[in-house]
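Dear colleague,

Please find below the structure that we discussed for your review. My notes on its interior, its cysteines and one polar contact follow directly after it.

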Amino acid sequence: QPPKGIPHDSGFSRNALMGRLVMSFIVFERDPFIRCDILETLAANFPGVQVSAYSALEELAEKAAGVLQPCVAVLSSNRKELESLLGILRAKTQDISFVVISDDTAESDGSTGVFHQVSRPFNSEMLLRAVRSALSGQQ
């Protein structure tokens, strides 16, 4: 049985010995309180899944190489910084989906084809809906 929130046909591999989901989350959020909320939400809904959290672009670029694949990156950023984040992460791993938390309310919440967007202000359910959508789109 897949962990809560992950569809049966999501394509994720399991470690045969451990019976655990083999994947990871990357979280980029500068605000420590929001970052903590995101981490708590992911831990509560995807127990045992590796989560790496970053608050600076330089740290992300330096340390994100060891992430498990597939990966979902939850990124909270402005448009200019977002381009750098996407470039850094795409260079580190090929099997990655993006959830972007932004102040841009011009686009409605949902998938843009490139990433799954959550507009501020947001709650845990909105975040989980976007993460589950990103997970179901991975092969």
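A polar contact is a pair of N or O atoms within 3.5 Å; within protein, one atom must be able to donate a hydrogen and the other to accept it. In this predicted model, the side chain of Asn45 makes such a contact, reaching the backbone oxygen of Thr41 at 2.8 Å. Asn45 belongs to helix H1. Because its relative accessibility is 10%, and buried means under 20%, Asn45 counts as buried.

Turning to the interior, the largest nonpolar core holds 19 residues, of which Phe25, Phe46, Val74, Val99 and Val131 touch the most other members. Two or more residues are given to this core by each of strand S3 (24-28), helix H1 (32-45), strand S5 (71-76), strand S6 (96-102) and helix H4 (124-137). H4 supplies the largest share, with seven residues. Another core, of 16 residues, lies apart from this one, and its members include Phe28, Tyr54, Leu89 and Ile96. As general background, nonpolar side chains in soluble globular proteins tend to be buried together.

You may also wish to know about the cysteines. How many disulfides does the structure hold? The number is zero. Cys71 has 0% relative accessibility and therefore counts as buried. Cys36, at 35% relative accessibility, counts as partly exposed, because that value falls between the 20% limit for buried and the 50% limit for exposed.

With kind regards

Definitions and conventions
Residues numbered from 1 in each chain as written. Predicted model: local features only at pLDDT ≥ 70, side-chain atom pairs only at ≥ 80, totals over all residues. Heavy atoms only, no water. Core = buried A, V, L, I, M, F, W, Y, C linked by side-chain atoms within 4.5 Å. Buried < 20%, exposed > 50% of the residue type's maximum accessible area, 1.4 Å probe, protein only. Helix = DSSP H or I, 4+ residues; strand = E, 2+ residues; numbered from the N terminus. Disulfide = S-S within 2.5 Å.
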